[in-house]
Amino acid sequence: DDQIERERASQRLSGGCCALAAVYLMGKFYVANAGDSRAIIIRNGEIIPMSREFTPETERQRLQFLAFLRPELLGKEFTHLEFPRRIQPKELGKKMLYRDQNMNGWAYKKIEEDDLKFPLIYGEGKKARVMATIGVTRGLGDHDLRVFSSNIHIKPFLSCFPEVRVYDLTQYEHCPDDVLVLGTDGLWDVTNDKEVAGVVMEVLTSYEPNDPCRYTMVAQELVVRSRGVLKERGWRLANDKLGSGDDISVFVIPLGGPGNYT
């Protein structure tokens, strides 16, 4: 992240990206995630999460705590408090539910002038944004990202530090159908863990266990099914729901089985 910042002037590059990495070292997988990509292990049909997404919703308390400690980062335009809905000027003096960085539940407070500011975290699910700008809260880059038509920087709220989870391969006897799946949010937006596991099992069983191409074909099938088919109303899945409009990258890595290939 520091290198990206140093090179942005000379390379004239802007923007940023999420990062999901898997490192195999001395019998263990270390999976590091910074962003909204996801990794799961499928072992004997069981799904084992190896990451969690970092979004304005999942990191609400971290973001609000930073804003509480450094209110100058909000540029006098935002509030770190969260309300069930956007407050209207006519509601000044009334009571409304709210929560801050210390609260999981909700409490009542009297609405004041400062509460009319735009919330630090706005929206729900995939539509949740930090300062109405970005929907992920960890990743690399985005040093120049600002709130639209302002000088308020988003970067202080974005962390480049990943969460790391460890999986010890020596604790289990793995078969050729046990895999680690790494995917960007374009996959997981429309395909859940169980559906991914179903595709993995379906495709793997149609190939010989010692065929190394079987894992590439699983990744390809996951991409194709998540994108869907182009119809008059856009990309559609088999159930006619919208396909993923995001980029989709998938890796399927075998955890066991024949060692005649690399």
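Two residues are in contact here when heavy atoms of each lie within 4.5 Å. The model is predicted, and this use of the word applies to the residue taken up now, Y98.

Y98 is found in strand β7, which covers residues 95–98. Setting aside its neighbours within four places in sequence, Y98 is in contact with L81, E82 and F83, and also with M103, G105, W106, A107, Y108 and K109. Is Y98 buried or exposed? Its relative accessibility is 16%, and buried means under 20% relative accessible area, so Y98 counts as buried. As for its distance from T184, the two residues are 86 apart in sequence, and their C-alpha atoms are 33 Å apart in space.

Strand β14, residues 179–183, is another covered element: five of its five residues are buried. The cover is on both faces, with V179, V181 and G183 buried on one side and L180 and L182 buried on the other. Which strands does β14 pair with? One is β4 (residues 38–43), which pairs with β14 in the antiparallel sense over five bridges. Within this pairing, A39 has L182 of β14 as its bridge partner. Another is β17 (residues 250–254), joined to β14 by five bridges and also running antiparallel. There, V181 stands opposite V252 of β17.

Strands of a sheet pair through backbone hydrogen bonds, in either a parallel or an antiparallel sense. A further case is an open sheet of three strands, in the order β2-β3-β13, with antiparallel pairing. Its edge strands are β2 (19–25) and β13 (163–168), each of which pairs on one side only. From one strand to the next, the twist averages 15°. The pairing of β2 with β3 (residues 28–34) is antiparallel and extends over seven bridges.

V23 lies in β2, and the residue opposite V23 in β3 is Y30. How far is V23 covered? Its relative accessible area is 46%. The partly exposed class falls between the 20% limit for buried and the 50% limit for exposed, so V23 is partly exposed. V23 also contributes to a nonpolar surface patch of about 350 Å², which it makes with L25 and M26. Residues in such a patch need over 30% relative accessible area, and V23, at 46%, meets that requirement.

Terms used:
Residues numbered from 1 in each chain as written. Predicted model: local features only at pLDDT ≥ 70, side-chain atom pairs only at ≥ 80, totals over all residues. Heavy atoms only, no water. Pairing = 2+ DSSP bridges. Helix = DSSP H or I, 4+ residues; strand = E, 2+ residues; numbered from the N terminus. Axes fitted to C-alpha atoms, helices over the stretch in contact; angles between N-to-C directions. Buried < 20%, exposed > 50% of the residue type's maximum accessible area, 1.4 Å probe, protein only. Patch = residues over 30% accessible without salt bridge, like charges linked within 9 Å, V, L, I, M, F, W, Y side chains within 5 Å. Areas by Shrake-Rupley, 256 points an atom, 1.4 Å probe, with all protein chains shown as cover. Salt bridge = Lys/Arg side-chain N within 4 Å of Asp/Glu carboxyl O.
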